[in-house]
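Reader: I am a first-year student, and I should be grateful for a close look at the nonpolar core of this protein. Please explain the terms as they arise.

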Amino acid sequence: MSGKISLTVLECGVTALDFELVATGHPDKQASRHLACGHPRLGEGQIAHPCYAYIIEHPGGRILVDTGFSDSAKRDWKNEHYKGAMDYEPGEDGLFSQRLEQHDLAPEDFDDVIVTHLHTDHAGNLPKFAATDARILLHEEELRGIVEVKGGMLRDDLVTMWGVTSPQGFTRKDWACLMPNRATTVFGDMEIYRGIWTVSLPGHTWGSIGVAVNLPHTGWVLLASDHIYLAATWGDPFVGNILNQNPTAWAQSAVKCRRLQEKYGMRIFPGHDNRIIAPDADESFVLEDVRPFYD
């Protein structure tokens, strides 16, 4: 492990997803046309929706941010909604475990796992860390969302962003073996290592967070997760989506992302886009290719 901070981006497959779901009411239906490839079974109006995990190397430890879809998601999904609306395609070597192996890493090699939120495309491989000593960092409001108010037990309904009777969004098996006992909760904005902060961005879910990293050459980057879903949803005004659990909180957090970029010159990594949002633009944003290894 080097003495500097570095960031590695892992693309862990793609799903097919309706553009209107993630950029609801966007005036330009072709705004994410660069995402129209990379999936063999796209329907009309769908984009290839990449799923990411990130490895941060820090002198104090090795950190994983998110875990992508479960390696066995295509076998495990029982509800036809997922199969139709979020058709997952890892390709030949795009499963989360395969991506780790490509970097000669295994779950036991991580000191911390930061979960930006518990949707199945971000928390799917958390069970792989059950036998490790890694801290599992989660916002306190996200944990509260999946735990009964009384008794501290996991909710036994089908927790979701669209109402507690819907199976969409969260898959209990992704995190039931670790929650609530293994959760190390964060709150507000917290520096967990020098130059690495968890950033509270509620709205997409109860306790969505981003991760800000100060890279030695690039400067600050913000892994915004699904709070800034696509590069096309960054603008003035921001474009929200019907997947956001609390639209008012989401709007406030989107403005927070803008303020962070203005103050620190942050590059913003959207949750599901292969471009980043740079601060030095004449327009509201510019797009650059994400590199597998950043900085």
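Author: The following account begins with the core and then turns to the backbone and the charged pairs around it. This is a predicted model, in which local features need pLDDT of at least 70 and side-chain atom pairs count only at pLDDT 80 or more, while totals for chains, interfaces and linings use all residues. Residues are numbered from 1 along each chain as its sequence is written, and side-chain values use heavy atoms, with hydrogens and water left out.

In soluble globular proteins, nonpolar side chains tend to be buried together. A nonpolar core is here a set of buried Ala, Val, Leu, Ile, Met, Phe, Trp, Tyr and Cys residues joined through side-chain atoms within 4.5 Å. Buried means under 20% relative accessible area, exposed means over 50%, and partly exposed lies in between, with a 1.4 Å probe and protein chains only. The largest such core has 26 residues, and those with the most contacts inside it are Leu64, Val113, Val115, Leu118, Leu126, Trp175 and Met179. At least two residues of this core come from each of β1 (6-18), β2 (46-58), α4 (96-102), β6 and α6 (140-146). Helices (H or I, at least four residues) and strands (E, at least two) are DSSP runs, numbered from the N terminus. Another core lies apart from the largest one; this second core has 23 residues, among them Leu7, Ile56, Val65 and Ile276.

Valine 115 deserves separate attention. Contact means heavy atoms within 4.5 Å. With neighbours within four places in sequence left aside, valine 115 is in contact with Asp66, Ala123, Leu126, Ile136, Leu137, Leu138 and Ile209. One of these partners, aspartate 66, is found in the loop between β3 and α2. Aspartate 66 is buried, because its relative accessible area is 3%. Its phi is near 70°, a positive value in a residue other than glycine.

Most residues other than glycine have a negative phi, and most peptide bonds are trans. Aspartate 104 likewise has a positive phi, of about 55°, although it is not a glycine. Aspartate 104 is placed in the loop between α4 and β5 (112-114), and at 71% relative accessibility it counts as exposed. Met179, named above among the core residues with the most contacts, is joined to proline 180 by a cis peptide bond, with omega about 0°. Proline 180 is found in the loop between α6 and β7 (183-186). A cis peptide bond also joins aspartate 236 and proline 237, with omega about 10°.

The loop that holds aspartate 66, between β3 and α2, leads to the charged pairs. Side chains of opposite charge can pair when their charged atoms come close. A salt bridge is a side-chain nitrogen of Lys or Arg within 4 Å of a carboxyl oxygen of Asp or Glu. The structure holds 10 salt bridges. In one of them, aspartate 71 pairs with lysine 128, the closest N and O atoms being 3.3 Å apart. This pair links distant parts of the chain, 57 residues apart: aspartate 71 lies in the loop between β3 (61-65) and α2 (73-76), and lysine 128 in the loop between α5 (120-123) and β6 (135-139). Aspartate 71 counts as buried at 19% relative accessibility, whereas lysine 128 is partly exposed at 34%.
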